[in-house]
Amino acid sequence: MKFATKQIHAGQHPEETTGAVITPIFQTSTYSNEKLGESKGYDYGRTINPTRVALENNLAALENGKYGFCFSSGMAAIQAIITLFKPGDHIICTNNVYGGTYRLFELIIKNYGLEFSYIDTSDLEELKKSIKPNTKFIYVETPTNPMLNITDMKKLSELAKSKNILTCVDNTFMSPYFQNPLDFGIDIVNHSSTKYINGHSDVIGGCLVTNDEKIAERIKFLQNSIGAVPSPFDCWLILRSTKTLAQRMKAHNENAMAICEVLSNEKKIQKLFYPGLETHPQYELAKSQMRGFGGIISLELGSFDRAVNFCNALKLFQIAESLGGVESLVCHPVSMTHGVVPKNIREEIGLTDGLVRLSVGIEDKDDLIEDIKNALKVL
Ligand SMILES: *Cc1c(COP(=O)(O)O)cnc(C)c1O
């Protein structure tokens, strides 16, 4: 089945008692047994909920995976992954990882005896060198936020498999429509479904998908034991949203490409970061593992003041954290999403004071371009 069909049908079937086409919001915390010990497979709302099951099966299908698990946030999903590991385990993580992920690993999980190395995972040699005898896990973001660096997923999974190391890719930026890490041999894929998967800036959510039965069993255990599960209503909202994921992603991509074309000739921008640009250092790799380039563009404007002035001058692009919604947003990573990342690490990865990140929405591209051009006039 093709993506646009799966997004509408996978995991969903007419409701049994009424035939309702749309999976209902099963707003219940518990389920009645007809006789003692005879349940219908549903016992308690944290453990299992029909609306959540529909969403989990839908997302698993979109990621070409067998098992899906939903969480109350993207961070809760990442926390569940990291609790697969034990004190003494060494974990390698992309250096330009989402700020909240860095905070969870560095300020919380590290206190429990896990060891982390942050490296440029797009450099396979560096990756090889950083593997230690106790390395158990490689956690990668590709493309990264906000630098849009790309890691070769096939080579990563081959290397990791040869050393019995688990791999996970945060696929939030591409969504399952443009990239499917499991197809390249990655063990687990995670999403902040808050972003493109839900796409309407009205839900916080996260998910994990895997093809491995043993990992799935363990994640199911962790999901139930830790308890950071999403509400039935949030699951329902996300289910409604995935029905248009392909159409939204196409529109994000088309608008971002059009904006890049205009901005490439703009002298006031020092550097433009977008994996769909031929000037992107990993353009060929991007084309080989992604089916599109998404809606995130980063711009280097040269200084803190110029970045701030540009953000303040935009009218359609709203200054806000988050990304992946239908409306266009702008963010200044240094003062917003990446504030917790130490300055020396930010500088190492090129995350400067003058960097601005655009989350290009699905409005009319001419309006978006005009907004950006007008804002550049103040610089
Ligand atoms: C937002 C985000 C997260 C965290 O997800 P929440 O839903 O905000 O908890 C993780 N990874 C990436 C790449 C993100 O953009």
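A polar contact is a pair of N or O atoms within 3.5 Å; within protein, one must be able to donate a hydrogen and the other to accept it, and residues adjacent in sequence count only if both atoms are side-chain atoms. The model is predicted, so local features need pLDDT of at least 70 and side-chain atom pairs pLDDT 80 or more, while totals for chains, interfaces and linings use all residues. Residues are numbered from 1 along each chain as its sequence is written, and side-chain values use heavy atoms, with hydrogens and water left out.

**Exercise 1. Describe the surroundings of glutamine 7.**

Step 1. Place the residue: glutamine 7 is part of helix 1 (residues 3-9), a helix being a DSSP run of H or I with at least four residues.

Step 2. Assign burial: at a relative accessible area of 0%, glutamine 7 is buried (under 20%, with a 1.4 Å probe and protein chains only).

Step 3. List the polar contacts. A polar atom of the glutamine 7 side chain is 2.8 Å from the backbone oxygen of lysine 243. The same side chain reaches the backbone nitrogen of leucine 245 at 3.3 Å.

Step 4. Add the other neighbours: leaving out residues up to four places away in sequence, glutamine 7 touches Asn58, Leu62 and Thr242, among others (contact: heavy atoms within 4.5 Å).

**Exercise 2. Relate the two domains.**

Step 1. Take the bounds: domain 1 covers 3-242 and domain 2 covers 245-376, from an automatic or database domain assignment.

Step 2. Give the separation: the domain centres, taken over C-alpha atoms, are 25 Å apart.

Step 3. Count the interface: 41 residues of domain 1 are in contact with 45 residues of domain 2.

**Exercise 3. Characterise the second largest pocket and locate it relative to the domains.**

Step 1. State the volume: about 320 Å³. A pocket is an open set of points on a 1 Å grid over the protein atoms alone, where a 1.4 Å probe fits, with protein on both sides within 12 Å along at least five of seven lines; lining residues have an atom within 4 Å of a point. The volume is the space filled by probe spheres set on the points.

Step 2. Identify the lining: it has 20 residues, and Met75, Tyr98, Ser192, Thr194 and Lys195 are the closest to the centre.

Step 3. Assign elements: helix 3 (74-82) and strand 6 (188-192) each give two or more residues, and helix 3 gives the most, with three.

Step 4. Locate the pocket: domain 1 and domain 2 both give residues to its lining, so the second largest pocket lies between them.

Definitions and conventions
Buried means under 20% relative accessible area, exposed over 50%, partly exposed in between (1.4 Å probe, protein chains only).
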